[in-house]
Amino acid sequence: MQQALLSYPVLLLIFTLALIALGIFVFIGRRRSAASPGDLQQLLDSARAGETLEDSRLLVPLLLYEKRFPAFCGILTLVLEQFPLHRFLQRSDFRQALDYLAANPFSETDSEDPIPAMTVIIEAFLSDPDVEYRCRPRLRTLVNQFIREADR
């Protein structure tokens with residue numbers, strides 16, 4: 001009769017170590033993906049977002065929405081990492097919505113609800129085929145998250 005190459009306790013130990021390693025990889029992957037899309041502050045600190053003083057004037061007040069609408073700020077960050085702001089400012093509805101949000105970040109009343117303006121901005125991003133192509137997987141997830149946040 002042949003003797004087993006690996007005993008039961010050794011196989012159990014190998015299996016346990018493999019599960020622990022897998023758990024560590026999943027945890028690290030989730031932390032990395034969760035931290036990257038919503039960091040509007042880092043985007044603003046970068047040279048790309050702060051190309052002009054007007055860009056900063058429009059985007060810095062939006063930091064105040066980050067706690068209440070993290071998905072919206074995540075969408076802004078995701079798109080503006082790939083494309084310059086002036087590309088979208090050519091649309092008058094986008095410009096008006098961004099001006100509105102920049103002027104009213106402290107508003108908490110129903111009469112000055114930021115969700116319609118945020119929706120205009122998101123719609124402008126989604127209607128751009130280049131944005132749709134480059135940002136599709138993460139953008140779809142963030143839009144779904146924004147919808148849940150807006151329903152609250």
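Where do Glu-132 and Arg-136 lie, and how many residues apart are they? I started my notebook there, keeping in mind that this is a predicted model. Both sit in helix H8, four residues apart, which is about one turn of the helix.

**The pair.** I found their side chains meeting in a salt bridge, 3.3 Å from N to O. I then looked up exposure: Glu-132 has a relative accessible area of 24% and Arg-136 has 36%. With partly exposed running from 20% to 50%, I put Glu-132 in that class because of its 24%, and Arg-136 likewise because of its 36%. Glu-132 has another partner, Arg-140, with the closest N and O atoms 3.8 Å apart.

**The helix itself.** I followed H8 over residues 129–151 and found that it spans only 27 Å between its end C-alpha atoms, where a straight helix of 23 residues would span 33 Å. Arg-136 turned up again here: H8 bends by about 95° at this residue, and Pro-137 follows within four residues. At the N-terminal end I noted a cap, Asp-128, with a side-chain oxygen 2.8 Å from the backbone nitrogen of Asp-130.

**The buried side.** My list of buried residues in H8 includes Val-131, Cys-135, Leu-139 and Phe-146. Among the elements covering the buried residues are helices H4, H5 and H7.

**Farther afield.** I searched the whole structure and got eight salt bridges. One of them joins Arg-91 and Glu-123 at 3.2 Å, N to O. This pair links distant parts of the chain, 32 residues apart: Arg-91 is in the loop between H5 and H6, and Glu-123 is in H7. My last entry is a network of salt bridges linking Arg-57, Arg-95 and Asp-99.

Conventions:
Residues are numbered from 1 along each chain as its sequence is written. This is a predicted model: local features need pLDDT of at least 70, side-chain atom pairs count only at pLDDT 80 or more; totals for chains, interfaces and linings use all residues. Side-chain values use heavy atoms; hydrogens and water are left out. Helices (H or I, at least four residues) and strands (E, at least two) are DSSP runs, numbered from the N terminus. The expected span of a helix is 1.5 Å times one less than its number of residues. The bend at a residue is the angle between axes fitted to the seven residues ending there and the seven starting there. Buried means under 20% relative accessible area, exposed over 50%, partly exposed in between (1.4 Å probe, protein chains only). Contact means heavy atoms within 4.5 Å. A polar contact is a pair of N or O atoms within 3.5 Å; within protein, one must be able to donate a hydrogen and the other to accept it, and residues adjacent in sequence count only if both atoms are side-chain atoms. A salt bridge is a side-chain nitrogen of Lys or Arg within 4 Å of a carboxyl oxygen of Asp or Glu.
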